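Please look over the model that follows, first as a whole and then at one annotated stretch. The explanation below leads from a single position outward to the whole chain.

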There are 2 protein chains.
Amino acid sequence: MSHVPSDIEIAQEAKMKKALEIAEDLGIEEADIEPYGHYKAKLSLDILEKKERDKDGKIILVTAINPTPAGEGKSTVTVGLGQALNYTGRKAVVALREPSLGPTMGMKGGACGGGFSQVVPMEDINLHFTGDIHAITTAHNALTALIDNHIHRGNELNLDVRKLTWKRVMDMNDRSLRHIVAGLGGPLQGVPHESGFDITVASEIMAILCLSDSIDDLRKRLKKIVIGYDFSDHPVTVADLKVEGALTLLLKDALKPNLVQTLENTPALIHGGPFANIAHGCNSVLATKMAAKLGDYVVTEAGFGADLGAEKFLNIKTRAGKIKPSLVVVVATIRALKMHGGVPKDELKEENIDAMKKGLANLEKHIESIKTFGLPHVVAINKFVHDTEAEIATLTDFCNSKGINVELAEVWEKGGAGGKQLADKVVNVIEEEQNNFRHLYDLETAPEEKINTIAKNIYGAQGVDFSAQAAKQLEQLKKHGWSSLPVCMAKTQYSLSDDPVKVGRPSNFRITVRELKVSAGAGFIVALTGNVMTMPGLPKHPGALDMDVSSEGKAVGLF
Amino acid sequence: MSHVPSDIEIAQEAKMKKALEIAEDLGIEEADIEPYGHYKAKLSLDILEKKERDKDGKIILVTAINPTPAGEGKSTVTVGLGQALNYTGRKAVVALREPSLGPTMGMKGGACGGGFSQVVPMEDINLHFTGDIHAITTAHNALTALIDNHIHRGNELNLDVRKLTWKRVMDMNDRSLRHIVAGLGGPLQGVPHESGFDITVASEIMAILCLSDSIDDLRKRLKKIVIGYDFSDHPVTVADLKVEGALTLLLKDALKPNLVQTLENTPALIHGGPFANIAHGCNSVLATKMAAKLGDYVVTEAGFGADLGAEKFLNIKTRAGKIKPSLVVVVATIRALKMHGGVPKDELKEENIDAMKKGLANLEKHIESIKTFGLPHVVAINKFVHDTEAEIATLTDFCNSKGINVELAEVWEKGGAGGKQLADKVVNVIEEEQNNFRHLYDLETAPEEKINTIAKNIYGAQGVDFSAQAAKQLEQLKKHGWSSLPVCMAKTQYSLSDDPVKVGRPSNFRITVRELKVSAGAGFIVALTGNVMTMPGLPKHPGALDMDVSSEGKAVGLF
């Protein structure tokens with residue numbers, strides 16, 4: 001058997017075009033391109049103004065069944081479908097999230113796709129890229145420093161140090177920073193207070209950057225951030241502190257979408273990467289809108305399964321960006337379906353039709369959810385080496401029997417050529433099927449109603465219980481006038497329920513909301529169910545132990 | 001009176017050449033240039049190999065009298081002299097430090113020079129620039145996270161959590177982070193320990209980056225970093241943790257010098273910016289060496305006065321980089337000399353010859369120090385608006401009477417044209433005066449002897465006292481084999497002594513070393529005198545309150 005090249009080997013062999021050339025092919029004027037090295041570029045927001053009257057491309061949202069440790073390859077299919085659309089003569093642009101460095105140093109590897117469906121330069125994208133996440137870290141922590149300084153120097157705003165909601169962030173997996181006490185050491189070292197660090201991608205500023213549609217909108221949203229409460233329990237905002245200008249300045253370049261390419265030179269905008277639990281888990285509104293001006297088709301993804309990322313894409317991002325999606329691709333793998341049917345990870349290589357049939361219930365639920373949004377959809381089977389013909393036939397038969405569009409995608413192994421059928425299917429369905437896109441809930445319904453609607457319609461829950469704390473916070477949210485914001489659910493990605501071990505399609509369960517908080521700048525209410533982690537830790541053997549730079553100056557140990 | 005333009009107004013009006021054009025003019029091949037936007041670029045280290053046999057340009061070090069709140073304009077003179085050398089037909093390259101964002105958000109403004117002697121694009125340089133400092137922050141905190149994770153997961157290396165010396169960094173002024181307790185919240189949240197944050201430019205990794213002469217040297221130095229001590233009091237290093245490869249990977253692009261330009265299109269390499277107290281306060285060895293391959297003259301600066309930055313440049317940086325300086329420019333202003341003569345800041349506009357004469361003692365001491373190093377030198381008078389002819393004459397007469405080269409520099413007001421005489425003088429002195437450059441001390445002398453030599457010869461102290469703690473640490477340093485490292489003095493910049501209020505040329509004083517620590521990766525022993533701040537705070541009215549982005553997308557409120 002010949003050597004199977006690793007993702008980084010394939011990526012480092014890529015025949016990349018210069019970013020300027022990719023941009024030129026898209027009809028972008030040189031003045032609107034800022035190169036970052038030869039293969040990355042930032043694109044000016046002026047492009048949106050210049051192309052305001054141009055037709056928008058069709059937006060294809062890629063989502064998946066609930067993730068399992070077996071992997072679904074959602075990014076791989078997103079990149080592969082983009083390549084396949086170009087391979088079949090269409091003009092497509094991919095829009096993805098930026099990976100966070102913390103998990104890269106840990107175990108996850110990057111978020112660049114895999115095999116012959118990757119975005120490149122993979123090592124740059126997985127490391128510091130164009131610095132957007134660093135700019136967000138800086139803006140977040142500048143705000144914290146300005147808050148602390150305000151309190152230290154007299155506290156004119158009467159901030160209650162026990163009720164500060166704005167903490168700190170770092171783009172790193174460091175569990176020791178989850179809970180800290182800061183301001184120790186005496187009167188010259190600030191005011192003692194409890195604090196902690198989230199990973200940067202969990203920062204509200206990341207969500208804000210991704211939901212803003214202009215620099216003015218960015219500033220407006222930053223102003224609304226609630227940093228804490230005063231001694232009369234009134235919310236105190238960035239506007240009260242008068243530092244929205246400085247934060248906007250720190251973010252002015254980070255707001256510009258980043259242009260890179262796939263292994264087959266399909267243009268890719270990689271921009272923003274909010275956590276899909278505490279935030280909405282989609283790349284930026286600006287990148288998606290710009291991609292729609294640059295291509296006839298935009299292939300974009302949302303984090304985790306359709307119960308989380310897609311729901312938030314469809315209820316939150318589409319509202320913020322006035323975006324109308326054309327179709328949803330639901331990625332499934334034989335392996336993951338078998339896990340949803342109860343097979344443990346080390347037995348996935350064996351054929352197991354019964355387990356697969358059981359696991360199909362998970363896929364079926366997600367398809368029902370997409371139907372609730374009135375959107376055309378296609379199931380993409382992301383093919384893995386050990387999938388048997390009988391297993392694949394079981395999945396396609398199931399879809400056919402239910403009238404669900406389905407195609408096999410061999411994009412990992414073959415790149416765009418392996419996604420030809422999928423691309424044709426997607427285009428046909430967009431052209432032929434009716435699009436009745438609607439949001440799931442009306443913004444004017446009460447927050448508890450919105451949560452109830454999501455839990456029942458998307459998760460299949462029987463209802464929602466609110467903890468005593470959450471019930472009290474619900475009252476506060478209403479009192480402060482935040483009732484009509486959409487809801488951003490924070491829930492385990494592994495189950496349709498709020499219990500990560502309930503795989504497949506659980507029934508007879510209720511969702512417990514333990515805490516509610518407002519992200520007034522991002523413009524949503526976060527409903528926390530279960531234990532949501534906003535600062536990951538490193539594993540026993542962190543990926544960092546295997547990383548280095550080769551004698552030719554290339555990255556070693558990224559994957 | 002016509003409107004006097006501000007620094008940012010002048011900078012934003014600059015007629016910049018594209019970075020590619022600047023690089024081409026320097027004879028750099030396109031493959032060795034990575035553009036970052038149109039006006040910044042990173043330069044490949046391959047340039048040094050390709051030009052290995054080329055002659056080196058002359059290195060001119062710009063230093064100053066002890067800084068005062070009146071400002072000396074050392075960066076302005078550095079940039080202005082570079083411009084003046086080109087204006088007078090020579091080929092000069094400027095090499096400067098990168099500014100830290102923390103002080104920019106506070107009060108200091110950037111470090112880009114002033115008036116018509118600035119480096120541009122000033123707003124990019126003062127904000128995230130090419131991300132070097134963010135990469136250092138990331139590498140530093142990745143190491144901390146890996147240390148914490150190691151302890152959390154069994155502590156094979158037997159690290160004593162009470163003796164961790166590696167803390168955390170942030171490129172922000174946040175006094176509340178100086179002393180923290182981390183790892184709180186129970187067994188899943190890491191191991192409780194005391195920690196704290198320094199500003200990133202105080203990180204040993206910043207010093208390492210600036211003293212490395214190749215990627216391999218960088219890796220070697222990172223390996224040697226002491227992260228703490230085990231229960232048997234043996235030092236534990238990055239090599240023991242086996243993460244030097246990951247840290248090198250995080251820093252591989254940050255190691256490449258950044259090319260920008262001055263207002264008059266003089267090439268400028270801005271790279272690295274270690275604190276001048278806890279570290280050595282000079283731009284990177286690689287930038288200085290590369291500048292010497294690209295120009296016939298390199299104008300570079302070192303932080304604070306000649307007692308700190310220049311001493312460390314001459315004893316530490318020259319050794320690490322095998323650099324031989326050709327001449328030292330000592331910047332003085334009438335205003336600052338008057339402050340050294342006892343005039344308070346609000347009376348500086350009035351002529352005061354007597355105070356100036358008194359303040360000249362400070363300048364004289366620094367000239368004596370430069371002579372100790374055997375280097376040709378020129379005093380540059382950085383002209384300010386309110387300087388009187390009599391005051392300037394007093395200063396030039398003083399220099400002339402002592403046989404000290406002196407020239408007036410009007411580079412703030414007139415750019416390169418205002419530095420014509422200074423440029424000519426500098427070139428003449430280099431050509432005509434003898435250069436007997438020698439280090440101040442031999443590396444093999446004991447650390448206490450090195451400190452003594454610096455204190456007596458450079459500060460003019462009568463001797464050095466070691467605290468009980470420092471005496472004990474001295475024994476430890478010897479025991480662990482670090483005796484032959486050079487010494488990096490951490491001392492107040494405002495006085496030749498370790499007492500910031502003793503301006504002018506204090507006498508009859510002793511220096512107290514309260515603590516000694518090793519920066520084994522950077523390759524020096526830090527001797528701390530007085531209270532050295534490694535994490536600044538924000539002022540009552542932080543600069544951030546006045547910052548914003550204009551409707552044209554330009555920075556507002558940077559200066």
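Where in chain A is P69(A) found? In this predicted model, P69(A) lies in the loop between β3 and α4 of chain A, and T68(A) is likewise placed in the loop between β3 (58-64) and α4 (74-87). Both residues belong to a "binding site" that UniProt lists in an unreviewed entry, and the record also includes A70(A), G71(A), E72(A), G73(A), K74(A) and S75(A).

Is T68(A) buried or exposed? T68(A) has a relative accessible area of 9%, and because buried means under 20%, T68(A) counts as buried. P69(A), by contrast, has a relative accessible area of 52% and is therefore classed as exposed, since the cut-off for that class is over 50%. Leaving aside neighbours within four places in sequence, T68(A) is in contact with A336(A), M339(A) and H340(A), while P69(A), with residues up to four places away likewise not counted, touches M339(A) and K345(A).

The chain around this loop has 20 helices and 25 strands. Its C-alpha trace spans about 70 × 55 × 50 Å along the principal axes, and the radius of gyration of 23 Å agrees with the value near 24 Å that a compact globule of 559 residues would have. Buried residues make up 65% of the 559 residues, and of the contacts between residues at least 6 apart in sequence, 75% join residues at least 24 apart.

At the surface, chain A exposes about 19700 Å², of which carbon and sulfur atoms supply 48%. As for charge, the mean positions of the 64 positive and 71 negative charges are 4 Å apart.

Conventions. Residues numbered from 1 in each chain as written. Chains lettered and ligands numbered in written order. Predicted model: local features only at pLDDT ≥ 70, side-chain atom pairs only at ≥ 80, totals over all residues. Heavy atoms only, no water. UniProt positions renumbered as here; feature names shortened; annotations may be inferred. Helix = DSSP H or I, 4+ residues; strand = E, 2+ residues; numbered from the N terminus. Buried < 20%, exposed > 50% of the residue type's maximum accessible area, 1.4 Å probe, protein only. Contact = heavy atoms within 4.5 Å. Rg over C-alpha atoms; globule rule 2.2 N^0.38 Å. Areas by Shrake-Rupley, 256 points an atom, 1.4 Å probe, with all protein chains shown as cover. Lys, Arg positive; Asp, Glu negative; His and termini not counted. Charge placed at Lys NZ, Arg CZ, Asp CG, Glu CD.
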